[in-house]
Amino acid sequence: MRPLLFVVVMTLSILSVKGLSPSTTNNTNSCTKNPSTRNFLLAIFSTLVAIVGILGNTICITVILFTRDLRTKCAYYFIVSLASADIGVSIFVTSLKVDMFRHDENFCLGIEMCYLSVLTDFLFPIASITHLLVIAIDRCVAITWPYFYSLYFTGKKGTIICIIWLWCILWACLGVLSWETPSKTSITIIEENGRFCYNPNKYYITVMLSVIILIPTLIAFFLYMIILRIAIKQEKSIAKMLLQTFKKGYTEMKATKVVTLVFVIFVICWVPHFVIILMQYWSIDVLYRFSVIHPTLYNVITSLFNYVLPTVSSCANPFLYFLAGSHFQNALRDLIRKLRKKPRSNEDIMVLFPLLPKLSTTIEEIMKN
């Protein structure tokens, strides 16, 4: 764990301090400002969240890949791919925002890093919601048509994951081109009242957020409501019958509840952020009047929904996996036991998650109700 932590800290240091520091040719008066108290706190918070996100998602991927019971289930491969997207958010998106906070919300990097910032800002949120939609379809088929699922879904997980990432990369790259003039790029750095990496491609932003983000979010919401209702109904039947033959179905329902909780967190963390982005392109006057009339409230809202919650989303999922599912906890205990070469003990998991038993019991009681 200590070598991994060292690598993570060094990576973030290179990205946010050395490799992403403004060059002398691009240095402006805006980039010489010291950060305000708000931006200084956001920089510290974002750095800590990035480290936790990388560590947590790395542990999640390791547990799944080294646990046979989880590795053989199709849904957990999607979770591995989703965790990879969360790691990308921590390494690229969050680190670039840390550099921005260090310079009092001014983008003090070159045009190449501006392109990288725009691409990653599009790529990983698209990847997250696409994975959650695919997982919703996977859970729906697994619960409603288990025989069909075992025949046609389990053997095609690698192909599906490749298609997901190709789809996300395609849409992220489309954001670089101007939809008004396709032969030109739309990304630029403006230096008016500061220095900002700006993408004026509002038609792409509108189509992407509406068709690729918000509509799939609504579809996934209805799917999760359907499969969660089915899962609860089947769980009650299993509790009454207490048959060993239903053990596999019970495991499927536990996985369904976990990914449903992950989806809820995604909606809370990202949807308000997407709505604010749309308003910045189509209703900027409304936001400006609100910022003038209620400046403090405006700063709180923008800080919470634009910076805090999207950043937290990248590190929240691993905790949800381990808190909401005993199968993840057991897999983590077994992995730690193998590393220590000693019998399973509840003390093993306490090394990483000291409050896990109490929190897990509370979450499972809430989900049962």
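Good morning. I begin with Asp 104, which counts as partly exposed because its relative accessibility is 23%. The structure I am presenting is a predicted model, and every value I quote is computed from it.

Asp 104 sits in the loop between α4 and α5. What is the sign of phi at Asp 104? It is positive, at about 60°, although the residue is not a glycine. As background, most residues other than glycine have a negative phi. Glu 105 is found in the loop between α4 and α5 as well. Its phi is near 65°, again a positive value in a residue other than glycine. Glu 105 has a relative accessibility of 22%, so it counts as partly exposed.

Glu 105 also takes us to the salt bridges. Side chains of opposite charge can pair when their charged atoms come close. How many salt bridges does a search of the whole structure find? It finds five, and I shall describe three of them.

The one I take up now joins the side chains of Glu 105 and Arg 38, with 2.5 Å from N to O. This pair links distant parts of the chain: Glu 105 belongs to the loop between α4 and α5, whereas Arg 38 belongs to helix α2, residues 37-65, and 67 residues separate the two. Arg 38 is partly exposed, because its relative accessible area is 24%.

The next salt bridge brings together the side chains of Asp 99 and Arg 102, at 2.9 Å from N to O. Both residues lie in helix α4, three residues apart, which is about one turn of the helix. Is Asp 99 buried or exposed? Asp 99 is buried, because its relative accessible area is 1%, and the cut-off for that class is under 20%. Its partner Arg 102 has a relative accessible area of 30% and is therefore partly exposed.

The remaining salt bridge on my list is between the side chains of Asp 334 and Arg 337, with an N to O distance of 3.6 Å. Here the two residues are in helix α12, residues 326-340, and they too are three residues apart, about one turn of the helix. Arg 337 counts as partly exposed, because its relative accessibility is 25%.

Let me return briefly to helix α4, where Val 93 has its place. Val 93 is buried, because its relative accessible area is 10%. Val 93 and Ala 50 are 43 residues apart in sequence, and their C-alpha atoms are 9.4 Å apart in space.

I now turn to empty space in the model. Rolling a probe the size of a water molecule over the atoms shows where such space is left. The largest pocket has a volume of about 1,700 Å³. Which residues come closest to its centre? Of the 47 that line this pocket, they are Phe 196, Cys 197, Gln 280, Asn 306 and Tyr 307. Several elements give two or more residues to that lining, among them α4 (74-102), α5 (111-144), the strand β2 (196-198) and α8 (202-241). The others are α9 (247-282), α10 (284-293) and α11 (295-324). By class, the lining of the largest pocket holds 26 nonpolar, 14 polar and seven charged residues.

Cavities are a separate matter. The structure holds two of 30 Å³ or more, and the largest cavity has a volume of about 80 Å³. It is lined by 13 residues, of which Asp 86, Ser 128, Phe 266, Ser 313 and Asn 317 are the closest to its centre. Which helices each supply at least two residues of this lining? They are α4, α5, α9 and α11. The lining of the largest cavity consists of eight nonpolar residues, four polar residues and one charged residue.

Finally, I move to the surface. Trp 145, Tyr 147, Phe 148, Leu 151 and Tyr 152 form a nonpolar patch there, and together they have about 620 Å² of accessible area. Within this group, Leu 151 is placed in helix α6, residues 146-152. Leu 151 counts as partly exposed, because its relative accessibility is 48%, and a residue must be over 50% to count as exposed.

To close, I come back to the loop between α4 and α5: Glu 105 lies there, has a positive phi and meets Arg 38 in a salt bridge. Thank you for your attention.

Notes. Residues are numbered from 1 along each chain as its sequence is written. This is a predicted model: local features need pLDDT of at least 70, side-chain atom pairs count only at pLDDT 80 or more; totals for chains, interfaces and linings use all residues. Side-chain values use heavy atoms; hydrogens and water are left out. On a 1 Å grid over the protein atoms alone, a cavity is a set of points where a 1.4 Å probe fits but cannot get out, and a pocket is an open set with protein on both sides within 12 Å along at least five of seven lines; lining residues have an atom within 4 Å of a point. Grid points are joined across faces, edges and corners, and a volume is the space filled by probe spheres set on the points. Helices (H or I, at least four residues) and strands (E, at least two) are DSSP runs, numbered from the N terminus. Ala, Val, Leu, Ile, Met, Phe, Trp, Tyr, Cys and Pro count as nonpolar, Asp, Glu, Lys and Arg as charged, and the others, Gly among them, as polar. Patches are made of residues with over 30% relative accessible area and no salt bridge: like charges are joined within 9 Å, nonpolar side chains (Val, Leu, Ile, Met, Phe, Trp, Tyr) within 5 Å. Accessible areas come from the Shrake-Rupley method with a 1.4 Å probe; for residues, only the protein chains shown count as cover. A salt bridge is a side-chain nitrogen of Lys or Arg within 4 Å of a carboxyl oxygen of Asp or Glu. Buried means under 20% relative accessible area, exposed over 50%, partly exposed in between (1.4 Å probe, protein chains only).
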